[in-house]
Amino acid sequence: MFSNMSFASNGGSNNTVTLLEAKKAAIFQIVMDMKANEESPWHNKTLKIQEPIEAYDTSDSLYSYLFNLTVDGQAAGFIEVSALKDEYPILSFAREGSALAPSEIAELRQKNNSRSPVFEKVVTLGPAHFGLKRDFPDGSADIISSVETISLSKGKNKPNPKRSINNNARKLWRDIDLVVGDIGSPNDGGK
C-alpha cells in the first residue's frame, strides 16, 4: 500500500510532533479514508508519500507538515499534519492534486523575484491554502500565493503569540501512536 518512505525519527519537545509521528498520522488518515470510503480514489492503490514540506504559521513557528501523495507518479492528493500536539493531527487533506508541489513553490518564487530574500519558507494561509513567505534584509516580507501577494512592512512582520494547550488533541495523538505502532521496522515488514 505504501512505498518510498523512510522513517528516521527527529527529536522534539513536549509539544512538537516528530517527523515519524507526523508520518504515522498521515498513514492513519489514508487507512481510515480507505476503510470508511470504498469510493476513495486511494482505495486499493499503492500510494507514495513524498518528503514533507514544512509549513509555518503567523507566530513564525513550524505549524504543519505537508505530505503530497502520488499514485504511479501522478499527484493523488495531500495530507497536512500538525507539527504541534496542541493541534488536532490532521489539519486538512485532499484526495487529488497536491498541497504545494516543489514546482509550485518555484512558480511562486518567480512571481516576485525583484528582491533577494534572506530567508523564505512555506506558510499556511488557511485550511489547505499555502503560500511562500520571503523575508528581506530590511525586516519587511512578502507572502506570495497563487491568488495574491501581500507585502508586510518591518513593523507588520512580527510573529503572533502562541495558543494554549488542547488536551483533546494530545489524546488523539497518543491514540494514533497506539493504533499505528511501529512503522518502517521489521514488525511491519519494513526495513
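# Close-up views of a predicted model

The chain exposes about 10,500 Å², and carbon and sulfur atoms supply 50% of that area. The model shown in these views is predicted.

**Figure 1. The whole chain, with three helices and ten strands.** From start to end, the elements follow the order β-α-β-β-β-β-β-α-β-β-β-β-α. The chain has 191 residues, of which 41% are buried. Among contacts with a separation of 6 or more, 46% join residues 24 or more positions apart.

**Figure 2. Confidence along the chain.** The mean pLDDT of the chain is 83, and 84% of the residues reach 70 or more. Strand β3 (residues 53-56) has the highest confidence, at a mean of 94, and strand β1 (residues 2-3) has the lowest, at 39. The pLDDT is below 50 over residues 1-12, a stretch that has 35 contacts in the model beyond near neighbours in sequence. Where pLDDT is low, the predicted coordinates should not be read in detail.

**Figure 3. The largest nonpolar core, with 22 residues.** The members that touch the most other members are I30, W42, L47, F67, L69, I79 and V81. At least two residues of the core come from each of α1 (19-36), β2 (47-49), β4 (62-71), β5 (74-82) and α3 (167-180). Helix α1 gives the largest share, seven residues. A second core, separate from this one, has twelve residues, including I53, A55, A99 and L108.

**Figure 4. Helix α1 and its buried residues.** The helix has 18 residues, and its first and last C-alpha atoms lie 26 Å apart, close to the 26 Å expected at 1.5 Å a residue. Its buried residues are L19, L20, A22, K23, K24, A25, A26, I27, Q29, I30, D33 and M34. In an α-helix there are 3.6 residues a turn, so residues three or four places apart point the same way. Of the buried residues in α1, I30 is also one of the core members that touch the most others.

**Figure 5. Y56 in strand β3.** Y56 is placed in β3. Is Y56 buried or exposed? Y56 counts as buried because its relative accessible area is 19%, under the 20% limit. Leaving out residues up to four places away in sequence, Y56 touches S61, L62, Y63, K121, V122, V123 and T124. The C-alpha atoms of Y56 and K133 are separated by 9.2 Å, although the two residues are 77 apart along the chain.

**Figure 6. Strand β7 between its pairings with β3 and β8.** Strand β7 (residues 119-126) runs parallel to β3, and two bridges join them. Across this pairing, Y56 stands opposite V123 in β7; V123 is also among the residues that Y56 touches. Strand β8 (residues 129-135) runs antiparallel to β7, with seven bridges joining the two. K121 has K133 in β8 as its bridge partner. Two residues lie between the strands in the hairpin of β7 and β8, where A128 takes a positive phi near 60°.

**Figure 7. The hairpin of β9 and β10.** Strand β9 (residues 141-144) pairs with strand β10 (residues 149-152) in the antiparallel sense, over four bridges. Opposite I143 stands I150 in β10. How many residues lie between β9 and β10 in this hairpin? The hairpin has four residues between the two strands.

**Figure 8. Two loop residues with positive phi, N44 and D72.** N44 lies in the loop between α1 and β2. The phi of N44 is near 60°, a positive value in a residue other than glycine. N44 counts as exposed because its relative accessible area is 68%, over the 50% limit. D72 is in the loop between β4 and β5. The phi of D72 is near 50°, again positive in a residue other than glycine. D72 is exposed too, with a relative accessibility of 76%.

Methods. Residues are numbered from 1 along each chain as its sequence is written. This is a predicted model: local features need pLDDT of at least 70, side-chain atom pairs count only at pLDDT 80 or more; totals for chains, interfaces and linings use all residues. Side-chain values use heavy atoms; hydrogens and water are left out. Buried means under 20% relative accessible area, exposed over 50%, partly exposed in between (1.4 Å probe, protein chains only). Contact means heavy atoms within 4.5 Å. Accessible areas come from the Shrake-Rupley method with a 1.4 Å probe; for residues, only the protein chains shown count as cover. A nonpolar core is a set of buried Ala, Val, Leu, Ile, Met, Phe, Trp, Tyr and Cys residues joined through side-chain atoms within 4.5 Å. pLDDT is the predictor's confidence in each residue, from 0 to 100. Two strands pair if DSSP finds at least two bridges between them. The expected span of a helix is 1.5 Å times one less than its number of residues.
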